[in-house]
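Biologist: Got a minute to go through this one with me? I'd like to hear the reasoning behind the labels.

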Amino acid sequence: MRPTRIALDLIRRSGASKAKRELVEYWKLSESKAGLAVETALAEEGQLRRMEENEAILYVGLPFCPGRCLYCSFITQDAQRQQASLGRYVNAVVQEAEGVFDGRFPFEIAAVYYGGGTPTSLPVSFFRSYLEEILAVAPLKENAELTMEAGRPDTMNRDKLELIRSSGFHKLCINPQTMREETLRLIGRHHTVDDTVAAFCRARSMGFADINMDLIAGLPGEDADDLLDSLCQVIDLGPESITLHTLAVKRGSYLDRLFADRRALLPDPALMEAVEKAHNLLGQNGYRPYYLYKQKNCRSGLENTGFTRAGGSLYNVAMMSDQVPVVGLGSGSMSKVILERTAKRVHNPKDLLVYIDRIQEQIDKKRALFLSELQ
Ligand code: SF4
């Protein structure tokens, strides 16, 4: 769900200040939410203008994590217990990349995002193939944006950071989610606050100059002060971007059972106020919103907003826009083209072994999808 799409339509029709007024008077947004929608819509449009007609973005997914977070509904395999499949999985994704990026692939890749799961949970030898062999065949445009999600700070050692850097990635996501130890344990993260700080400092000392950090508002057992305290600690580290998510209660997650009575989804004025204060704090520290989306079953109907003081992420904006072709590699990923302003999608199987066993089918589906763009 993208509220900024409505804001952008209004801006195009009658300009930013009238758009803001209409969001307040007709759509019944608060002044601050209307301002957020208009500012973010303009920033998103600025990002999308960087893309040419013949460009696409690339997502490479790894459905492994070292354990499962309380709120996760994504099918992730425990990397420790799935060592036997990791090599086969990496080979399959490399094969998929080689098959899709044959001489007939009609786009240049403007932005690449390695996500998951946690790509950095791969052992170094597999991680090397996963980075180098896929990027070697992808038709990257000059100065393409390359982002690595190093979501779990405990999976990122110096060797992996070296590999990330030498493969050309200049953007890194290190995701603490909270800076409160008790909550980290409760939500099933295997890292500590010190791990986050150490990972951030290590990445900085190795030259990573564009780092995003994610936080989640509305985590179980946290109040407004906890959120603002986590945010202050993250701001003190000084990442270039901070993404403030709101906890979503997803079907199939452990959290879904914990919040079975759904009371946690009712509007919570204290949470709404805390998020508002967090936005203000980000603004006071020079972070401006650059992309925004909503998910189903977010607490208090709140949004996820990316803030930046260094340009943000083209990938994030393009992925949410439904205006840009997407190549998705790996199990559970989605690819799409835009035909006559409508997105046409194909999905890879979520089941890892089905994906590996039917890799040629995934390649053929994607070739047909992207070649339909040429007809
Ligand atoms: S790090 Fe992300 S993908 Fe992995 S278990 Fe946690 S929420 Fe799920």
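Modeller: Sure, and keep in mind that this is a predicted model.

Biologist: Then why are α9 and α11 called roughly parallel to each other?

Modeller: Helix α9 (residues 224–237) and helix α11 (residues 269–284) pack at an angle of about 20°. Angles under 35 degrees count as roughly parallel, so α9 and α11 get that label. Their axes are 9 Å apart, and α9 passes α11 in a right-handed crossing.

Biologist: Which residues of α9 and α11 make the contact?

Modeller: From α9 you have Ala224, Leu227, Leu228 and Leu231, and from α11 Ala270, Glu273, Ala274, Lys277, Ala278 and Leu281.

Biologist: What makes two residues of that contact charged?

Modeller: Glu and Lys both count as charged, and α11 brings Glu273 and Lys277 to the contact. Ala and Leu count as nonpolar, and the tally for α9 with α11 is eight nonpolar, no polar and two charged residues.

Biologist: Now α2 and α3: why is α2 called oblique to α3?

Modeller: Helix α2 (residues 16–25) and α3 pack at an angle of about 140°. Roughly antiparallel needs over 145, roughly perpendicular covers 65 to 115, and the rest above 35 degrees is oblique. That makes α2 oblique to α3. The axes of α2 and α3 are 9 Å apart, and α2 passes α3 in a right-handed crossing.

Biologist: What makes one residue in the contact of α2 with α3 polar?

Modeller: Gly is among those counted as polar, and Gly35 of α3 is in this contact. Ala34, Ala37, Val38, Leu42 and Glu31 are also on the α3 side, where they meet Ala16, Ala19, Lys20, Leu23 and Val24 of α2. By class that gives eight nonpolar, one polar and two charged.

Biologist: How is the chain divided, and how far apart are the C-alpha centres of the domains?

Modeller: Domain 1 is 3–43 and domain 2 is 50–372, with their C-alpha centres 27 Å apart. Seven residues from domain 1 and nine residues from domain 2 take part in the contact. On the domain 1 side, α1 (3–14) and α3 (31–48) each supply at least two residues, and α3 gives the most, with five.

Biologist: And which residues come nearest to the ligand?

Modeller: Cys65, Arg68, Cys69, Cys72 and Phe74, out of eleven around the ligand. The shell has four nonpolar, five polar and two charged residues. Cys and Phe count as nonpolar and Arg as charged, so Cys65, Cys69, Cys72 and Phe74 are nonpolar and Arg68 is charged.

Definitions and conventions:
Residues are numbered from 1 along each chain as its sequence is written. This is a predicted model: local features need pLDDT of at least 70, side-chain atom pairs count only at pLDDT 80 or more; totals for chains, interfaces and linings use all residues. Axes are lines fitted to C-alpha atoms, for helices over the stretch in contact, and angles run from 0 to 180 degrees between N-to-C directions. Helices (H or I, at least four residues) and strands (E, at least two) are DSSP runs, numbered from the N terminus. A crossing is left-handed if the near helix is turned anticlockwise from the far one by less than a right angle, and right-handed if clockwise. Two residues are in contact if their C-beta atoms, placed from the backbone, lie within 7 Å. Domain bounds come from an automatic or database domain assignment. A residue is near a molecule or strand if its C-beta atom, placed from the backbone, lies within 6 Å of it.
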